[in-house]
Amino acid sequence: MILDLTRLPILETERLRLEPLLASDADQLFPIMGDPEVMAYWDVAEIDDPDIVAEIVGSQVRGMQAGRSVYWAMRRLADDAFLGSCDLSDVDRWHRRAEVGFMLGREAWGQGYALEAMQTVVAFAGANGIRKLVARTHLGNRRSEALLTKLGFAEEGLLRGHVLRDGERRDCRLYGLLL
């Protein structure tokens, strides 16, 4: 079976524990999603309403329950601090592919946490039958582009006007990794 999501995995790295996201994690995700710098390259602007973040997290939890995705809360092992989230979503079992994503609070930037977490997510996907991963960045998101390149992703194309944000169309880069 490809990626059995009936049992949601807890993954550990040298410094992190990735636990399946819970509805209660919305409280810890809210300040991250409310940070304009963190959200500068997301499909939506910063969010100033905790109920909207709760709704987003609730939708992610329902996606996990339906077996379409896994969203993980990223926690530092040393102190259990919530650092952000990462995911394996839009799982297509027929074509053995999925999308990956990550969001890290600004105070955790530049410490290698996103790379560490995503190396583990990529390894998990490959060990569970996924053979193609895709990721998407907004143009100008050099940090995410550099991280994807370090993970072995290659740029596969430009999605012109892919996102409508703040009344303007934004281009996105598409990255792919064959496992």
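Helices here are DSSP runs of H or I, at least four residues long, and they are numbered from the N terminus. I need that for helix 4, which is where I will start. Please keep in mind that this is a predicted model.

Helix 4 covers residues 142-150. Which of its residues are buried? They are Ser144, Glu145, Leu147 and Leu148. These four residues lie on the same side of helix 4, because the arc they cover around the axis is only 160°. The other side of helix 4 has exposed residues, namely Arg142, Arg143 and Lys150.

What do the buried residues of helix 4 pack against? One neighbour is another helix, helix 3, at 113-127. The others are strands: strand 5 at 97-104, strand 6 at 132-138 and strand 8 at 168-178. After helix 4 comes Gly152, and its phi is positive, near 100°.

Next, the strands towards the start of the chain. Strand 2 is made up of residues 16-20, and four of these five residues are buried, so strand 2 is mostly covered. Strand 2 has pairing to describe with strand 1 and with strand 3.

Take strand 1 to begin with, residues 11-12. Strand 1 pairs with strand 2 in the antiparallel sense, over two bridges. Three residues form the hairpin connection that takes the chain from strand 1 to strand 2. In this pairing, Leu11 is opposite Leu18 of strand 2.

Then strand 3, residues 70-76. How many bridges join strand 2 to strand 3? There are five, and these two strands run antiparallel as well. Here Arg17 has Arg75 of strand 3 standing opposite.

My last topic is cysteines. In general, a disulfide is a covalent bond between the sulfur atoms of two cysteines. The cut-off used to call one is a sulfur pair within 2.5 Å. How many disulfides does that give here? The count is zero.

Why does Cys86 have no disulfide? The closest cysteine sulfur to that of Cys86 belongs to Cys172, and at 20 Å it is too far for a bond. From the side of Cys172, the closest cysteine sulfur is that of Cys86, again 20 Å away and too far for a bond.

Are these two cysteines buried or exposed? Cys86 is buried, with a relative accessible area of 0%. Cys172 also counts as buried, at 0% relative accessibility.

To recap, the buried residues of helix 4 share one side, strand 2 pairs with strand 1 and with strand 3, and the disulfide count is zero.

Conventions: Residues are numbered from 1 along each chain as its sequence is written. This is a predicted model: local features need pLDDT of at least 70, side-chain atom pairs count only at pLDDT 80 or more; totals for chains, interfaces and linings use all residues. Side-chain values use heavy atoms; hydrogens and water are left out. Buried means under 20% relative accessible area, exposed over 50%, partly exposed in between (1.4 Å probe, protein chains only). Two strands pair if DSSP finds at least two bridges between them. The arc is that of the directions from the helix axis to the C-beta atoms. Contact means heavy atoms within 4.5 Å.
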